[in-house]
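Colleague: I should like to understand how the terms used for a protein model are justified. May I put some questions to you?

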Amino acid sequence: MQAVQELEPIVRIRDLKKDSVNFTLENVDLGLANSFRRVMMADLPTVAIDMVEVETNTSVLPDEFISHRLGMIPLVSANCDEGMRYTRDCTCLSWCQYCAVELVLNVACNLDDTTMDVTSSHLDVVLPAPGSIGWNDEGDGGEELSKRAENFGHPVGKDDPSVPPILICKLRKGQEIKLRCIAKKGIAKEHAKWSPCSAVGFEYDPYNKLRHTSHWFESDERAEWPVSENAREEEPPRDDVPFDFNARPNKFYMEVETDGSLGPQEVVMKGLQELQTKLANLILGLKSEPELDAHQGGEQALPATNGTAGGSGWGAGAGAGAGAGAGGWSATSPSRAGAGWSSPTGGAAGWGSPARGGGWAGTAWSGTSPTTGGGGTSPSSGNAGPAGWGSPQAGGSGWGGTTANGWS
Ligand SMILES: [Zn+2]
């Protein structure tokens with residue numbers, strides 16, 4: 001276990017396609033691999049139709065039925081986290097060009113004896129005109145708009161003959177649909193329509209050496225449960241080796257498939273950034289409370305975390321922290337010698353792998369990342385050197401790293 005903690009995480013891409021990526025993730029904990037999976041599925045913002053105003057609907061489907069189908073259509077959302085605001089953060093009242101994309105669907109069937117398919121290709125993006133409903137006069141929003149691609153908000157695969165359009169409903173002669181949609185930014189934790197992923201899965205321990213799975217079988221377990229492709233990357237179990245009940249999974253075979261709203265590369269990179277930001281916020285939350293208490297009257301509301309100076313916090317005795325100065329999570333006072341996660345004065349401290357260079361950086365991802373030049377996304381990642389998940393500089397540190405002031 002100790003050995004696992006000291007190794008740096010390794011990402012190796014095995015296959016990258018237009019809408020899927022297959023990679024291995026090594027030297028991380030099972031919990032981190034699973035958090036990564038969940039973040040990619042549920043926490044990355046995309047654009048999806050959120051409001052529908054029906055003007056005419058003489059099709060056989062009720063308005064709600066069509067509205068729901070419209071919401072589920074994937075829209076091109078590349079760089080959505082920077083190119084668009086949440087309406088709750090916007091200065092407008094309900095929607096505007098900075099926090100919404102307007103689409104219209106206006107189709108009528110005039111064909112004799114033919115059923116017409118209304119598909120996602122019939123949806124057209126409408127650019128708001130100055131002064132119209134949904135126009136925000138605020139001056140400084142141009143920065144967001146410039147970060148959007150030309151086809152931002154368009155249905156995925158529109159104008160691409162190789163991608164079959166998504167059927168919305170069918171019309172007979174004389175039937176008509178005319179409606180207006182407002183697409184907004186959101187995450188799949190709120191509604192699954194905002195998920196950029198159609199499938200994310202990972203496997204570990206294909207030979208089931210760890211016995212995390214109980215296989216039901218009739219006569220021969222190995223014959224009845226053939227191993228997966230991933231087993232080729234691992235050593236087969238030997239019958240003469242006793243079961244190691246201390247062993248932990250260390251290598252994860254991940255497969256990410258997107259619905260086209262975001263590319264697989266963006267999903268993985270933004271997923272890592274989002275996970276990093278979440279952890280940074282956790283640290284921030286842990287840090288601020290004792291500080292707040294101290295300000296409110298000097299009482300030490302959390303005696304357990306206010307141990308003797310030097311070592312402290314969260315069970316970390318002197319020297320138990322990552323670096324030389326030692327300190328646990330909560331050496332919050334700036335005057336202390338040791339450094340916790342976020343000390344402004346600290347020496348070596350924090351997350352980083354002890355006495356090492358980069359965390360995640362360096363290897364596989366940096367080769368394919370077009371944009372990520374370094375720098376974590378955490379707003380508070382401070383001056384941690386050339387840090388960042390996708391940093392091509394090998395010397396840079398990953399998680400805030402070993403240079404001073406990891407997260408503060
Ligand atoms: Zn707005």
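Colleague: Which residues of α2 are called buried, and what makes them so?

Modeller: A residue is buried if 20 or more other C-beta atoms, placed from the backbone, lie within 10 Å of its own; it is exposed at 12 or fewer, and partly exposed in between. In α2, A33, F36, R37, V39, M40 and M41 are buried. I should add that this is a predicted model, in which local features need pLDDT of at least 70 and side-chain atom pairs count only at pLDDT 80 or more, while totals for chains, interfaces and linings use all residues. Residues are numbered from 1 along each chain as its sequence is written.

Colleague: How do you know that the span of helix α2 agrees with its number of residues?

Modeller: Helices (H or I, at least four residues) and strands (E, at least two) are DSSP runs, numbered from the N terminus. The expected span is 1.5 Å times one less than the number of residues. Helix α2 covers residues 30-42, so its 13 residues should span 18 Å, and its end C-alpha atoms are indeed 18 Å apart.

Colleague: Across which strands does α2 lie?

Modeller: Helix α2 lies across β2 (20-26), β9 and β10, and runs at about 175° to β9. Axes here are lines fitted to C-alpha atoms, for helices over the stretch in contact, and angles run from 0 to 180 degrees between N-to-C directions. Two residues are in contact if their C-beta atoms, placed from the backbone, lie within 7 Å.

Colleague: Why are β9 and β10 called paired?

Modeller: Two strands pair if DSSP finds at least two bridges between them. Strand β10 (residues 251-258) is joined to β9 by 7 bridges, and the two run antiparallel, so the definition is met. One such bridge links G201 with E255 in β10. These strands belong to an open, antiparallel sheet of 4 strands, in the order β1-β2-β10-β9.

Colleague: What makes β1 and β9 edge strands?

Modeller: Both β1 (10-16) and β9 (197-204) pair on one side only.

Colleague: What is the order of the other open sheet, and why do β3 and β6 stand at its edges?

Modeller: The order is β3-β8-β4-β6, again 4 strands with antiparallel pairing. Strands β3 (46-57) and β6 (124-126) have a single partner strand each, so one side of each lacks a neighbour in the sheet. The pair β4 (residues 100-108) and β6 is joined by 3 bridges, and E102 stands opposite V126 in β6.

Colleague: How do you know that V101 is buried?

Modeller: V101, found in strand β4, has 27 other C-beta atoms within 10 Å, so it counts as buried. Leaving aside neighbours within four places in sequence, V101 is in contact with V47, V125, G153 and A183.

Colleague: What is meant by the largest nonpolar core?

Modeller: A nonpolar core is a set of buried Ala, Val, Leu, Ile, Met, Phe, Trp, Tyr and Cys residues joined through C-beta atoms within 7 Å. The largest has 31 residues, and V47 and A183 are among those with the most contacts inside it. At least two residues come from each of β3, α3, β4, β7 (167-171) and β8.

Colleague: How confident is the predictor?

Modeller: Confidence in each residue is given by pLDDT, from 0 to 100. The chain averages 77, and 68% of the residues score at least 70. Over residues 298-408, however, pLDDT stays under 50.
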